[in-house]
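Let's take a walk through this protein together, starting with the overall fold and then stopping at its metal sites. Have the viewer ready and turn the model as you read.

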Amino acid sequence: MNATERIKAFRSYLGSQGLKLTTQRDAIAKVLFTSEGEHLSLPELLERAQKIRSGIGYATVYRTMRLLVDGGFASEHQFGDGQTRYEPADDTKHHDHLICVRCGKVVEFEDPVIEARQDAIAAQNGFEVVAHRLEIYVRCLQGCEDKDNPA
Ligand SMILES: [Zn+2]
Ligand SMILES: [Zn+2]
């Protein structure tokens, strides 16, 4: 699904839940759905949403992100920097993450061998994989700036 289709799906989800589609919720959903690969935190989502629709507050962003997660439109991650980060959820596409512990850079990858190994390990133990989350914590080889202690 592209961003426009996702917005439409979110709008009908709100309707089905008896929730109002507000321009604020719409702006926040738009920011999320156009942030593929970015893994935005709440303050970052807030900043972008305010550019589309001024007057949006932190609480509205927080509550709208809950709706998006509960409805299966967003997945949330904790990458070890104390921030919850969000990305558009897509049932048909799965990826895992590499996270730099110094600069916080996040890279997405998918490896068929790792995926297959997980299925095999689950099967060996009498399970079927329903979902998984793989986060590999790394350090940039090229050198990067420590986000907690900028030079
Ligand atoms: Zn991701
Ligand atoms: Zn780095």
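The paragraphs below go from the whole chain to the two metal sites and then to one last pair of residues.

Please keep in mind that this is a predicted model. The protein chain contains five helices and six strands. If you trace the chain from its start, these elements come in the order α-α-β-α-α-β-β-β-β-α-β. For a sense of scale, the C-alpha trace spans about 50 × 45 × 25 Å along its principal axes.

Of the 151 residues in the protein chain, 32% are buried. Among contacts with a separation of 6 or more, 54% are made by residues 24 or more positions apart. On the outside, the accessible surface of the protein chain is about 9300 Å², and carbon and sulfur atoms contribute 51% of that area. As for charge, there are 19 positive and 23 negative side chains, with 8 Å between the centres of the two sets.

Now find the zinc ion (ligand 1). Which atoms coordinate this ion? The donors are NE2 of H39, H95 and H97, together with OE atoms of E87 and E108, and E87 appears twice in the list. These donors sit at 2.0 to 2.7 Å from the zinc ion (ligand 1). Along the chain they follow the spacing H-x47-E-x7-H-x1-H-x10-E. Two of the donor residues, E87 in strand 3 (residues 84-88) and E108 in strand 5 (residues 106-109), are 21 residues apart, and this pair links distant parts of the chain.

What is the geometry of the site of the zinc ion (ligand 1)? It is irregular, with angles of 51 to 168° among the six donor atoms. For six octahedral donors, the ideal angles would be 90 or 180 degrees.

The donor residues are also worth viewing for their cover. E87 has a relative accessible area of 3%, so it counts as buried. E108, in contrast, is partly exposed, because its relative accessibility is 29%. H39 is buried as well, at a relative accessible area of 1%. You will find H39 in the loop between helix 2 (23-33) and strand 1 (40-41). Its backbone deserves a look too: phi of H39 is near 55°, a positive value in a residue other than glycine.

Next, move to the zinc ion (ligand 2). Its donors are the SG atoms of C100, C103, C140 and C144, at 2.2 to 2.3 Å. Why is the arrangement around the zinc ion (ligand 2) tetrahedral? The four donor atoms subtend angles of 106 to 112°, and four donors count as tetrahedral if all angles lie between 85 and 135 degrees. The ideal angle for four tetrahedral donors is 109.5 degrees.

The spacing of these cysteines along the chain is C-x2-C-x36-C-x3-C. C100 lies in strand 4 (residues 96-100) and C144 in the segment after strand 6 (135-138), so this pair ties together parts that are 44 residues apart in sequence. Both C100 and C144 are buried.

To finish, pick out Q50, which is in helix 3 (residues 42-52). Q50 is partly exposed, with a relative accessible area of 37%. From there, look across to F127: the two residues are 77 residues apart along the chain, and their C-alpha atoms are separated by 45 Å.

Notes
Residues numbered from 1 in each chain as written. Chains lettered and ligands numbered in written order. Predicted model: local features only at pLDDT ≥ 70, side-chain atom pairs only at ≥ 80, totals over all residues. Heavy atoms only, no water. Helix = DSSP H or I, 4+ residues; strand = E, 2+ residues; numbered from the N terminus. Buried < 20%, exposed > 50% of the residue type's maximum accessible area, 1.4 Å probe, protein only. Contact = heavy atoms within 4.5 Å. Areas by Shrake-Rupley, 256 points an atom, 1.4 Å probe, with all protein chains shown as cover. Lys, Arg positive; Asp, Glu negative; His and termini not counted. Charge placed at Lys NZ, Arg CZ, Asp CG, Glu CD. Donors = N, O, S within 2.8 Å, 3.2 Å for Na, K, Ca; no water. Tetrahedral: all angles 85-135°; square planar, octahedral: opposite > 155°, others 65-115°.
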